[in-house]
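Student: Hey, could you help me look through this protein? I'd like to start with the cysteines.

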Amino acid sequence: EFMQAFWDVEEVQVKAFQHLASFIREESALSYLPMLTELIPSAMKTHVVSLRLQVDGCSLLLEILSQALEQDAMMALDEKVTSSLVETMRKHSENEELLSLVCTLLMMVSASEVAAENLRKAGVIPDLLSIVRNFLHNEKICLSCCGVLWSLAVSATNTDRALLKSAVPVLSAVLHQHLQKGAVAEAACSALWVLSLQGCLTENDYEPTTVLLLDVLRMSPERPVLVKNTFLALASLLQLSEIAALRFIMDSEGSGINIIKDAYHLHFDDPEVVESICVLTKEMAQYDDVVLEMLSQKMEELLFEIKSYFPSS
């Protein structure tokens, strides 16, 4: 009531946000969280030029969503939340601290199909790509933007696909920049996988992307989700391109077949990783020259082992 009575007074909203920051940590606050996810974005939108209010508002929303996740509480987020975040992102497109908060929130809300659709309607893809280009050094921003791009690419429309083609070099740049940062690389590889499935990569992308994905696997072989999604991205590329397949087995840093074997020995008890190995192997087997190399590397022994380990699958 206090916020709504003085809606246009920035200092009042700042004071209210400060009070809410203490209140939402109390157990009794849980039932009020849905109402707060309406009030806070509305205040942010009214005072969108206020950097302080945007930072405080995003911090509050982040705390609320985090609490909801911890409590396994369903949090329905209407269009007000996404539109407010997008407006904040555009109004303060050069403020790294605020963008880090906004992008984290966008990643969290984009997991909802409704919110992802609202972001799509808002035309957020070019904004995300611009932010990543401008703040490529920022791990948190890159990770969050890759997560949002993944959510938007999963159910992309034809219009989205045209925009998402511009994401391929941006994601490649993220991988080059953060190759040793497992979480960021995992998010970027996941997004590249979906983009490859959506037909967003061009023929000129196939070979350099294959090389880059091999580098990722060499750098972070211990991360099962990264390994699985990178193998699936490679399978998608190899399905389309024999050149990519030949590069995979004859890369200057070592054959991709050895990477497959190493990954299996690390993750032999993870059905999803093993399934991704099988999907990739199937795509490799469509090219005669690749099959010859597979035979010379005794890949059939690995496949027999997989078959015996997962007899019912």
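Tutor: Happy to! Keep in mind that this is a predicted model. Let's begin with Cys200, which counts as buried because its relative accessibility is 1%.

Student: And how many disulfides does the structure hold?

Tutor: Zero. Cys200 is in no disulfide, and the nearest cysteine sulfur, that of Cys146, is 14 Å away.

Student: What about Cys58, why no bond there?

Tutor: The closest cysteine sulfur is in Cys103, and at 9.7 Å from the sulfur of Cys58 it is too far for a bond. A disulfide needs the two sulfur atoms within 2.5 Å.

Student: Okay! Is Cys58 buried or exposed?

Tutor: Cys58 is buried, with a relative accessible area of 0%.

Student: Switching topic: where is Asn229?

Tutor: Asn229 sits in helix α14, which covers residues 224–240. Asn229 counts as buried, since its relative accessibility is 6%.

Student: Which residues is Asn229 in contact with, leaving aside its neighbours in sequence?

Tutor: Once neighbours within four places in sequence are set aside, Asn229 is in contact with Ser190 and Trp193. With Ser190 there is a side-chain to side-chain polar contact of 2.7 Å.

Student: And how far apart are Asn229 and Glu186 in space?

Tutor: Their C-alpha atoms are 7.9 Å apart, while in sequence the two are 43 residues apart.

Student: Last one: how many residues has helix α2?

Tutor: Helix α2 has 14 residues, 10–23. From first C-alpha to last, α2 reaches 20 Å, close to the expected 20 Å.

Student: Which residues of α2 are buried?

Tutor: Buried residues in α2 include Val12, Val14, Phe17 and Leu20.

Notes: Residues numbered from 1 in each chain as written. Predicted model: local features only at pLDDT ≥ 70, side-chain atom pairs only at ≥ 80, totals over all residues. Heavy atoms only, no water. Buried < 20%, exposed > 50% of the residue type's maximum accessible area, 1.4 Å probe, protein only. Helix = DSSP H or I, 4+ residues; strand = E, 2+ residues; numbered from the N terminus. Expected span 1.5 Å × (residues − 1). Contact = heavy atoms within 4.5 Å. Polar contact = N/O pair within 3.5 Å; in protein donor to acceptor, adjacent residues only side chain to side chain.
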